[in-house]
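Hello,

Here is the structure I said I would pass on. My notes on the strands and helices follow below it.

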Amino acid sequence: MPIKNRFAELMPDITEWRRDIHSHPEILFETHRTAALVAEKLRAFGVDEVTEGIGRTGVVGVIKGKETGSGRVIGLRADMDALPIEEATGLPYASKTQGAMHACGHDGHTAMLLGAAQYLAETRNFDGTVVVIFQPAEEGGGGGREMCEDGLIARWGIQEVYGMHNWPGVPMGSFAIRPGPFFASTDQFEITVKGKGGHAAKPHETIDANLVAAQIVVALQSIASRNADPVEQVVVSVTSMESSSKAFNVIPPRHAMKGTVRTLSPEMRAMAERRLTTIVHSVAEAFGAEAELKYHRGYPVMVNHDEQTEFAAEVARAVSGDCAEAPLVMGGEDFAYMLEERPGAYILVGNGDTAPVHHPEYNFNDEAIPAGCSWWAEIAERRMPLR
């Protein structure tokens with residue numbers, strides 16, 4: 001199993017970086033401390049170029065191989081941001097920032113890519129250029145989109161791009177991947193039902209916004225059960241409901257709802273948006289109410305490219321001896337924006353039997369560091385071999 005020996009030597013340092021980042025989580029684009037730490041480390045490693053402020057607070061490092069005649073340029077991307085969750089791990093390096101924690105392992109991703117960058121800057125055993133990408137605001141902010149719009153791909157001439165995410169439930173240090181659609185698109189909607197309020201003892205004099213909202217919630221589930229092809233995936237979830245009244249004896253005039261729509265193809269995405277719009281307005285009209293709908297398209301479907309996925313799996317098998325077929329994931333991932341611009345692949349590295357991501361007791365498994373670092377390093381060395 002070619003876990004690189006250098007990463008065993010670097011393990012204490014990488015673990016220390018990871019735990020320091022974990023102790024100081026930063027949300028969305030507010031990754032100022034983390035970005036500064038990343039830039040400082042990259043410069044200390046002797047990478048050829050370090051650029052800050054890409055996509056607001058992203059960092060890009062350039063590492064040239066012993067040879068560059070191949071002209072190949074590969075991007076390796078890690079995310080840096082944390083979540084607005086109160087940590088409950090009780091760890092000695094737990095979050096020092098109230099209401100924020102690294103509950104998705106981005107601290108581990110950043111530390112592993114830093115470790116890979118140090119190794120690649122030391123050895124440079126490849127023919128081409130590696131661009132290491134440290135991205136803010138994956139957790140809902142669209143940092144990947146912001147970096148792309150800031151010229152990431154064209155400015156550094158990136159030809160292929162690879163990303164990684166830890167995954168609880170996958171054996172520690174092993175890998176899983178799948179070609180094609182992998183992570184879902186993530187759209188959001190806000191619905192305001194406008195009725196006519198009144199006394200709870202006189203419902204006939206009202207248009208009950210709560211009743212209309214309840215009917216909309218039920219009707220929206222027909223999108224998955226009756227509009228979608230059963231072999232396709234679509235999830236419509238109403239996740240927040242709030243009446244304009246808190247009283248026991250008042251029928252409210254307004255009711256607000258929020259939720260998400262998740263799909264794995266552009267066709268299903270368009271169908272779900274179209275049907276949701278029709279259902280919301282038609283149900284409200286049927287009860288004599290009005291409905292206001294705001295529909296926000298979020299991250300697109302993240303699609304792994306076939307050739308790069310097979311290569312990524314081959315590297316994973318070389319590193320760990322195993323690369324399983326990953327399940328479809330209905331969560332979103334804004335690495336999708338980079339994969340829309342260039343071919344590449346996104347892989348899962350096992351976090352072992354731990355709490356799930358986005359959980360207050362989650363913690364990145366430091367034992368996965370050598371495998372993750374080795375995979376990123378091998379991606380560069382095998383895709384751009386010295387002749």
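**Strand β4 and its partners**

Strand β4, residues 129-135, is mostly covered, with 7 of its 7 residues buried. Please keep in mind that this is a predicted model.

The side chains of β4 point in two directions. Thr129, Val131, Ile133 and Gln135 point one way, while Val130, Val132 and Phe134 point the other way, and all of them are buried. As background, side chains in a regular strand alternate between the two faces of the sheet.

β4 pairs with strand β2 and with strand β3. With β2 (residues 58-64) the pairing is antiparallel and runs over 6 bridges. To find this pairing on screen, start from Ile63, whose bridge partner in β4 is Val130. Strand β3 (residues 73-79) runs parallel to β4, and 7 bridges join the two. Here Arg77 is a convenient marker, as this residue stands opposite Ile133 of β4.

**Helix α3 and its contacts**

Two helix contacts involve α3, one with α2 and one with α1.

The axes of α2 (residues 32-45) and α3 (residues 106-123) come within 9 Å and cross at roughly 15°. An angle under 35 degrees counts as roughly parallel, and α2 and α3 are therefore roughly parallel to each other. The crossing of α2 past α3 is right-handed. On the α2 side, the contact is made by Leu37, Val38, Lys41, Leu42 and Phe45; on the α3 side, by Thr110, Leu114, Ala117, Gln118 and Ala121. Sorted by class, the residues of this contact are 7 nonpolar, 2 polar and 1 charged.

For α1 (residues 5-23) and α3, the axes also come within 9 Å, and the crossing angle is roughly 140°. That angle makes α1 oblique to α3. This crossing, too, is right-handed. From α1, the residues in contact are Arg6, Phe7, Leu10, Ile14, Trp17, Arg18, Ile21 and His22. They meet Asp107, Gly108, Thr110, Ala111, Met112, Leu114, Gly115, Ala116, Gln118, Tyr119 and Glu122 of α3. By class, the contact of α1 with α3 has 10 nonpolar, 5 polar and 4 charged residues.

Thr110, Leu114 and Gln118 of α3 are worth displaying when you look at both helix pairs: they are among the residues that touch α2, and they are also among those that meet α1.

Best regards

How values were computed
Residues numbered from 1 in each chain as written. Predicted model: local features only at pLDDT ≥ 70, side-chain atom pairs only at ≥ 80, totals over all residues. Heavy atoms only, no water. Axes fitted to C-alpha atoms, helices over the stretch in contact; angles between N-to-C directions. Helix = DSSP H or I, 4+ residues; strand = E, 2+ residues; numbered from the N terminus. Parallel < 35°, antiparallel > 145°, perpendicular 65-115°, else oblique. Left-handed = near helix turned anticlockwise from the far one by under 90°. Contact = heavy atoms within 4.5 Å. Nonpolar A, V, L, I, M, F, W, Y, C, P; charged D, E, K, R; others polar. Buried < 20%, exposed > 50% of the residue type's maximum accessible area, 1.4 Å probe, protein only. Pairing = 2+ DSSP bridges.
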